[in-house]
Amino acid sequence: MANDTVILTTLNSAWAEPGSVVDVFLESFRIGEHTRELLDHLVIVSLDAAAHARCRQIHAHCLAVATEGVDFSGQKNFMTDGYLRMMWRRIDFLRLVLEKGFSFIFTDTDIVWFRSPLLRLYADGDFQIACDHFTGDPDDLRNIPNGGFTYVRANSETVEFYRYWYESRERHPGLHDQDVLNIIKGDPYLAQIGVRIRFLSTQFFGGLCEPSRNLSAVCTMHANCCVGLQRKIDDLKLMLHDWRRFMSLQDKDKHTVSWSAPHNCSLSKVVE
């Protein structure tokens, strides 16, 4: 974008199959309010050759990022070794983006976009992150963050924050990036480096863990608290269906629409 901000998502071949998550993800941009133009600023970061080949068929901006000796192509079940490697590879990659001077919105591919989130971001937050549970206070460290949606401003503070976050994996082996963030978010070192962390309201950035109840305000919805690829796809498609129904109604009737999801996903305490 004009302010050197880019939208990023990562993709492996399991989520790149025709009819899989990435197709639902891109479709949401096409049917959302003023979101189609954001596709011009979306870079799909492919983690394996098959995902990259599919990306080049369906999107204009694709970047292949390989990790020597690691196969990211298959479905990575939550908290398996392959899943953890993939999540930490993402954190390291995003640090490199910041070092190059680009701010970014990172979005998981199992998030559907209904409105541009740009006007719902805080003007004064270096690192802004969606939540599985939002307390109502964007500065409250008791918020439960979800790394599936983040806005990060490129500066020396966020570069150091991502470096510290990535290195913290060695102090907390066996945990994924989100759990480690939950541990370190109150670290005195983060206050020392001066990074401002703010949490995004689930009213605008909802998910299956804590859905936005207001379709007139929602920007994004995440298929979190849902384990299983096909369950995610089915419930993401339900959300697109609900959105189309909402948009087809006159303003006086829009309040009658609510989410059909979760239907295939159960509201598990396991977060993905």
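Below is a short question-and-answer chat about this predicted model.

User: Let's start with the sheet: in what order do the seven strands sit?
Analyst: The sheet is open and its pairing is mixed. Its edge strands are S3 (62-64) and S8 (197-199), each pairing on one side only. Neighbouring strands are turned by 35° against each other on average, direction ignored. The order is S3-S2-S1-S4-S7-S6-S8.

User: Is strand S4 parallel or antiparallel to S7?
Analyst: S4 covers residues 103-107 and S7 covers residues 144-152, with four bridges joining them. Ile 105 stands opposite Tyr 151 in S7. The two strands run antiparallel.

User: And which residue of S4 is the bridge partner of Thr 5?
Analyst: Here we're looking at the pairing of S1 with S4, where four bridges join strands that run parallel. The S4 partner of Thr 5 is Ser 103.

User: How many of the five residues of S4 are buried?
Analyst: In a regular strand, side chains alternate between the two faces of the sheet. In S4, Ser 103, Ile 105 and Thr 107 point one way while Phe 104 and Phe 106 point the other way, and all are buried. So S4 is largely enclosed by the rest of the structure, and the buried count is five of the five.

User: What angle does helix H6 make with S7?
Analyst: For another helix on strands, take H3 (residues 49-58), which lies across S1 (5-11), S2 (42-46) and S3, running at about 165° to S3. H6 (residues 177-184) packs on the sheet too, touching S6 (127-133) and S7. Its direction makes an angle with that of S7 of about 95°.

User: How far apart are the end C-alpha atoms of H8, and what span should its 20 residues have?
Analyst: H8 takes in residues 229-248. At 1.5 Å a residue the helix should span 28 Å, which agrees with the end-to-end distance in the model, 29 Å.

User: Which elements do the buried residues of H8 pack against?
Analyst: The buried set in H8 includes Leu 229, Ile 233, Leu 236, Leu 240, Trp 243 and Phe 246. Charged residues turn up there as well, among them Lys 232, Asp 235 and Asp 242. The buried residues pack against H1 (13-16), H2 (21-31), S5 (111-113) and S10 (220-222).

User: What about H5: which residue has a side-chain oxygen reaching the backbone nitrogen of Glu 157?
Analyst: H5 has twelve residues (156-167), which should span 16 Å, and its end C-alpha atoms are 17 Å apart, which agrees. Its buried residues include Phe 161, Tyr 162, Tyr 164 and Trp 165. At the start of H5, the side-chain oxygen that comes to within 3.1 Å of Glu 157's backbone nitrogen belongs to Asn 155.

User: Is Cys 219 buried or exposed?
Analyst: Cys 219 is in the loop between S9 (205-207) and S10. Its contacts beyond four places in sequence include Val 112, Trp 113, Phe 114, Phe 204 and Phe 205. Its C-alpha atom is 4.4 Å from that of Arg 115, though the two are 104 residues apart along the chain. With a relative accessible area of 1%, Cys 219 is buried.

User: Which backbone nitrogen does the side chain of Asp 48 reach at 2.9 Å?
Analyst: Asp 48 lies in the loop between S2 and H3, and at 11% relative accessibility it counts as buried. A polar atom of its side chain lies 3.2 Å from the backbone nitrogen of Ala 50. The 2.9 Å contact is with the backbone nitrogen of Ser 13.

User: On to charges: what is the relative accessibility of Arg 95?
Analyst: Arg 95 meets Asp 92 in a salt bridge (2.8 Å, N to O), and Glu 99 in another, also listed at 2.8 Å. Asp 92 sits three residues from Arg 95 in H4 (residues 81-99), about one turn of the helix, and Glu 99 sits four residues from Arg 95. Glu 99 is partly exposed at 46%. Arg 95 counts as buried, at 15%.

User: Which residues do shared salt-bridge partners join into one network?
Analyst: The count of salt bridges comes to 18. One of them pairs Glu 170 with Arg 169 at 3.6 Å, N to O; Glu 170 counts as exposed at 60%, and Arg 169 as partly exposed at 24%. The network is made up of Asp 124, Asp 139, Arg 196 and Arg 198.

Terms used. Residues numbered from 1 in each chain as written. Predicted model: local features only at pLDDT ≥ 70, side-chain atom pairs only at ≥ 80, totals over all residues. Heavy atoms only, no water. Expected span 1.5 Å × (residues − 1). Buried < 20%, exposed > 50% of the residue type's maximum accessible area, 1.4 Å probe, protein only. Contact = heavy atoms within 4.5 Å. Pairing = 2+ DSSP bridges. Axes fitted to C-alpha atoms, helices over the stretch in contact; angles between N-to-C directions. Polar contact = N/O pair within 3.5 Å; in protein donor to acceptor, adjacent residues only side chain to side chain. Salt bridge = Lys/Arg side-chain N within 4 Å of Asp/Glu carboxyl O.
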